[in-house]
Structure formats: C-alpha cells, structure tokens
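Got your viewer open? Let's take a walk through this model, one selection at a time.

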Amino acid sequence: MRYFLRLAYNGGAFHGWQRQPNAGSVQQSIEEALSVLLRSPIAITGSGRTDTGVHARETFAHFDTDYKIPDKRRFLTGLNRLCGQDIAISDLIPVADDAHARFDATRRTYKYFVHYAKDPFLRGLSWETRPLDLDTMNEAAELLKKTEDFTSFAKLHSDAKTNICKVEEAIWTPIGEGKAVFTISADRFLRNMVRAVVGTLVEVGRGKLDCEGVQRIIDCKDRCAAGTSMPAHALYLWKVEYPYIGD
C-alpha cells in the first residue's frame, strides 16, 4: 500500500530535506523511524527538497509498505516519538498506488518572515532588518506574476530541466507592529528561487532598486544580476496542495 504523511519540521536541526552521506536530514530521520516501526527498510519521497535551515509548516511525503496500518493514531504516536522533537507527523493518508508526493502537487506556498527590532523569541525563525517599503516591494512583486522564466532567480548549475514557473501569488503583508511576511505561491519552485526573489525585493524595499530594475533582472536571465540569497532560517514551506487531499 502507498501512504502519504503530512508533516512539519524545524529546519534548523537539519542539513536540508534530502538524505546525505555525512549529515543529518529530515528524509533520513523519517526513513529510519518508519523502518523501525514497520520492521523493514522504508524509503520516502517528499513533495520537494528544502535547503539547510529552511523550515516546513506543512509538506508531504509518500512511502510504500506491504503492511496494512490498522490503527492510524497509534502509528502516528509511535512515529512521532521516533522522529524526535524537530519533526511532527500530523496525518497518515492511504492513497492510490500511483499517487506521488512530488509530481502530483499542484501548488506550493512559501512564506518569508522579517522583523524590524531585536527579538530573542524570533531568533532562528525570522530575519531582522530595518523597516522596508512594503508598498514599493509589492509593486515589484507583481512583476513575478507576469513572468514565466525564472532563470535569474535559479541556483546556478542545478539539475532542473526547465526554469519555467507559474507564480500565482506574491505579496508582502504587515503582521502586527514591526513585522512582515512575504507569501509566494506557484506550481513549482526552482532551487534557491524564493530566497533570491526575497533578496531582490529587499533591495527594492531599501530604495536601492526600482521596478524597472527588477524587470531588467528578470529579462536578462542571469542569476548574477539578482539580489543575494537571503538567510534560510526565515523561510518556510507553508503549504502543499493536491487535487485529492483536503486541508
């Protein structure tokens, strides 16, 4: 049978999602926990890969097993205990044998959090900066929804077959006093794309770049022209959507 796991994790404890030979990853932690629980080697496939330090509020992974899991609640309790404090598995969903956590996802949403004053309770979870001009940043963010080729925001020498993405939402929103969040949703994302987009928009918010400059960056299809890659600790994979899984 094939199952989906709905999960969240604090990325600060891991060297990204993908299993690596000499560093702890989210994938490795879950695979090892599942293998103990199901008493056989289990491999999982995630909805996507996050870099070192990036968090996930909601993402999914699928795995196959010959064992039919009769008691979901008991299974999740055991799995969460084995995964440790930095990973939370909230649901186990039986799916069709050909359902795929990566290829069946129709929409992904990321959020990037910033704050304007030192706050020890946001350390490792949000990026501290001086106040930004959100209105101008949103003018520039609108350009992303009119863009197809995101080569200028893609990690160099990646294994992506295409840099074409469809961005459906891109907006900066104030959240209380002295904080803001950038929300971006698309059918797919390139490696390091969101952090490069945020770095470019921050240049706009600081008055160092205007909307015309952002359009030139997009048009030149050159990663070296875009802004710096922002720190990973303020980035969250917020939501992954499938046609056959509800909220």
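In which loop does Lys221 lie? Select Lys221 and you'll find yourself in the loop between α5 (211-220) and β9 (235-241). The helix and strand names come from DSSP runs, numbered from the N terminus: H or I of at least four residues for helices, E of at least two for strands. Before we move on, remember that this is a predicted model, where local features need pLDDT of at least 70, side-chain atom pairs count only at pLDDT 80 or more, and totals for chains, interfaces and linings use all residues. Residues are numbered from 1 along each chain as its sequence is written, and side-chain values use heavy atoms, with hydrogens and water left out.

**Two residues with positive phi**

Most residues other than glycine have a negative phi. Lys221 has a positive one, near 50°. Lys221 counts as partly exposed, at 44% relative accessibility (buried means under 20% relative accessible area, exposed over 50%, partly exposed in between, with a 1.4 Å probe and protein chains only).

Now select Asn192, in the loop between β8 (179-186) and α4. Its phi is positive too, near 70°. Is Asn192 buried or exposed? Asn192 counts as buried, at 14% relative accessibility.

**Helices α3 and α4**

Next, show helix α3 (residues 134-141) together with helix α4 (residues 193-205): their axes come within 8 Å and cross at roughly 135°. That angle makes α3 oblique to α4. Axes here are lines fitted to C-alpha atoms, for helices over the stretch in contact, and angles run from 0 to 180 degrees between N-to-C directions. Under 35 degrees counts as roughly parallel, over 145 as roughly antiparallel, 65 to 115 as roughly perpendicular and the rest as oblique.

The crossing of α3 and α4 is right-handed (the near helix is turned clockwise from the far one by less than a right angle; anticlockwise would be left-handed). Turn on side chains for Thr136, Met137, Ala140 and Ala141 in α3, which meet Leu201, Val202, Val204 and Gly205 in α4. Contact means heavy atoms within 4.5 Å. In this contact of α3 with α4 you have six nonpolar residues, two polar and no charged (Ala, Val, Leu, Ile, Met, Phe, Trp, Tyr, Cys and Pro count as nonpolar, Asp, Glu, Lys and Arg as charged, and the others, Gly among them, as polar).

**Helices α1 and α2**

Jump to helix α1 (residues 26-38) and helix α2 (residues 72-83), which pack at about 130° with their axes 9 Å apart. These two are therefore oblique to each other, and α1 and α2 make a right-handed crossing. On the α1 side, pick Ser29, Ile30, Ala33, Leu34, Val36, Leu37 and Leu38; they meet Phe75, Gly78, Leu79, Leu82 and Cys83 in α2. The contact of α1 with α2 has 10 nonpolar, two polar and no charged residues.

**Aromatic rings**

Last stop: rings of Phe, Tyr and Trp (its six-membered ring) pair if their centres lie within 6.5 Å, and planes under 30 degrees apart count as stacked, over 60 as edge-to-face and the rest as tilted. The count comes to 13 aromatic pairs. One of them is Phe4 with Phe60, a tilted pair at 6.3 Å centre to centre and 50° between the planes. Phe4 is in strand β1 (residues 2-9) and Phe60 in strand β3 (residues 55-64), so the pair ties together parts 56 residues apart in sequence. Add Tyr242 and Tyr244 to your selection: ring pairs link them with Phe4 and Phe60 into a cluster.
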